[in-house]
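Thanks for making time this morning. I have one structure to walk you through, and I'll keep it brisk.

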Amino acid sequence: MSSVLTWSGAAATDGIASHRLRTLRASHSAMWNYVTYRDAIGIVGLDADALYPDGTTRLPADWADLGWLVCFAGPPPGAVEAMREAVGAEALSQYSPDLVEPLRDEAARVLGRPRDATFEVIGTEGAQAGIALSLLAAIDPGDEVILGDPGYFHLPSAVIAAGGAPVFVPAGRDSGFRIDVDAAAAAVTPRTRAICLVDPSNPYGAVLGRDELAALATLAERHDLLLVHDVTHGPLAVDPGSAWVPLPATDLTERAVATFSVSHCWGLASARIGFLAGPRDLMRGCLQLKAAITRMSTGYAGQHGALAALRDRDHLPRAERAIRANLAALEDALADVPGLSLAVRPRRGLSCAVEIDPALTTAQELMVALFARRIAVYPGDGLGENGAATTVRLNLSHPEPWPLQRLRDALPDAAAEASAGRWRAPVAELLDGKGTERARRLAAVVREGR
């Protein structure tokens, strides 16, 4: 039987699908609706089941994986050992607590605010679940949630899954690849209930300044909005002088929650341990929603791995050194290929975005050309309307230099091959098959060529 990730064709359940499921299926940001690794693998004629035996999601070790956003410089060895020690019959035969108390305290330390009668931390299945629970607690069907475009892949689908309507405002070059605060203010309507902020921006690594946070806090107070502050990439400093602060650690507003996980910065994606923090009564409500959906499903062993990771004081500096070295290598590689450049130099996080001159090729064609050379990157169509065909996302966290060296060696030929139209027809056909309006528009862009 083929992997669930390869399923396609007409949806036989449309007759019983909810409005939110139908809307999600029509959204380009929904899982599988944007261009994925498996799409590129199929186009270049490789066998996904051979590359991913038994349904795994990690490419073989000889591939330069520059797309998945997990810290390849992690996880900290102590986190792995702590998880091993936590696995036992007694621990496995009972439901896990939401979070063990020391882990709540460590998460609060990362967020810069101690737990007290007004501020609490709960456990989630990664930051994505933290976003989802916040929205489920704050919005009703039809309510609007303001998001930046381009932005984090799965924010729009989280809004839709909660019954809301995403409202997009610019977050591109004009605003430094951060959400445009003035545009967000102009987008507020009587139906607006929340604004979601990914800070540092994923994958650009741009950081909101305190003045921007203050303006957003004032906006939230004025219109009774919830600010959802996803700070997942914040603990990693690419620029040692970059300032970064989660909203709950400021005195700007109490109408904010913050979420992060150990998936990205600490390389513990499989543990599925994330954190949501904010006003205690709201956190209690989010826990009630979580219990209604998944009960307390942050696993005990994963919690102990996360605790060891957050207590490790060597991991983040070690990962930052790798990221800085890889960023320098990428800048050298881009200097050799006219038409490719950094969108913006990242200040925090483990990723960056490369911009492609439309006269050269599209992001989707370049992705496929690189896949043919065993180099994996993600194109920007999952990030939003802006830059969908001109952005490639790269992970900078590999602790060894060879993935970036392979990219530097392959990039000129891959760009020339994509520019010549080698992958134009199959990429356009793939996009048409996605079935979304934006995918069809992208397919038309691809077919136009240079």
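I'll take the sheet first, then the salt bridges, then the cysteines, and finish with one loop residue.

A word of caution before we start. This is a predicted model. Please keep that in mind throughout.

So, the sheet. It is open and has 4 strands. The order reads β9-β10-β13-β12, and the pairing is antiparallel. Which strands form the edges? They are β9 and β12, and each of them pairs on one side only. You will find β12 at residues 378-379.

Let's walk across it. We begin with β9 and β10. They pair in the antiparallel sense over 3 bridges. Look for leucine 340 here: it stands opposite isoleucine 356 in β10. Now bring in a helix. α13 packs on this sheet and touches β9, β10 and β13. Its direction makes about 150° with that of β9.

Next step across: β10 to β13. These two run antiparallel, joined by 5 bridges. Cysteine 352 is one to click on, as it stands opposite leucine 394 in β13.

Last step: β12 and β13. This pair is antiparallel too, over 2 bridges. Tyrosine 378 stands opposite arginine 393 in β13.

Stay with β13 for a moment. It covers residues 391-395. How many of its residues are buried? The count is 5 of the 5, so the strand is largely enclosed by the rest of the structure. Both of its faces are covered. On one side you have Thr391, Arg393 and Asn395. On the other you have Val392 and Leu394. All of these are buried.

On to charges. A search of the whole structure finds 29 salt bridges. I'll show you three.

The first example sits within one helix. Arginine 84 forms a salt bridge with glutamate 81, and their closest N and O atoms are 3.6 Å apart. Both residues lie in helix α4, residues 77-86. They are 3 residues apart, about one turn of the helix. Are they buried or exposed? Arginine 84 is exposed, at 57% relative accessible area. Glutamate 81 is partly exposed, at 36%.

The second example has another setting. Aspartate 98 forms a salt bridge with arginine 104, with the closest N and O atoms 2.8 Å apart. Aspartate 98 is buried, with a relative accessible area of 6%. Arginine 104 is buried as well, at 11%. Both residues also belong to a network of salt bridges. Its members are Asp98, Glu101, Arg104, Asp105, Arg115, Glu120, Glu125, Arg280 and Lys290.

The third example takes us back to α13. Glutamate 331 forms a salt bridge with arginine 345, and here the closest N and O atoms are 2.9 Å apart. Glutamate 331 lies in helix α13, residues 315-335, while arginine 345 lies in the loop between β9 (340-342) and β10 (351-356), so the pair ties together parts that are 14 residues apart in sequence. Glutamate 331 is partly exposed, at 28% relative accessible area. Arginine 345 counts as partly exposed too, at 47%.

Now the cysteines. How many disulfides does the structure hold? The answer is 0. Why does cysteine 71 have no bond? Its sulfur is 7.2 Å from the closest cysteine sulfur, in cysteine 265, and that is too far for a bond. The cut-off for a disulfide is within 2.5 Å. Cysteine 71 is buried, with a relative accessible area of 2%.

Cysteine 286 tells a similar story. The closest cysteine sulfur to its own is in cysteine 196, 12 Å away, too far for a bond. Cysteine 286 counts as buried, at 0% relative accessibility.

One residue left: leucine 46. Where does it lie? Leucine 46 is in the loop between α2 (37-43) and α3 (48-51). It counts as partly exposed, at 39% relative accessibility. Setting aside residues up to four places away in sequence, leucine 46 touches Ile41, Leu51 and Trp63. Now look along the chain. Leucine 46 and alanine 372 are 326 residues apart, yet their C-alpha atoms are separated by 8.8 Å.

To recap the part I'd like you to remember: β13 has both faces covered, and it pairs with β10 over 5 bridges and with β12 over 2. Thanks, everyone.

Terms used: Residues are numbered from 1 along each chain as its sequence is written. This is a predicted model: local features need pLDDT of at least 70, side-chain atom pairs count only at pLDDT 80 or more; totals for chains, interfaces and linings use all residues. Side-chain values use heavy atoms; hydrogens and water are left out. Buried means under 20% relative accessible area, exposed over 50%, partly exposed in between (1.4 Å probe, protein chains only). Contact means heavy atoms within 4.5 Å. A salt bridge is a side-chain nitrogen of Lys or Arg within 4 Å of a carboxyl oxygen of Asp or Glu. Two strands pair if DSSP finds at least two bridges between them. Axes are lines fitted to C-alpha atoms, for helices over the stretch in contact, and angles run from 0 to 180 degrees between N-to-C directions.
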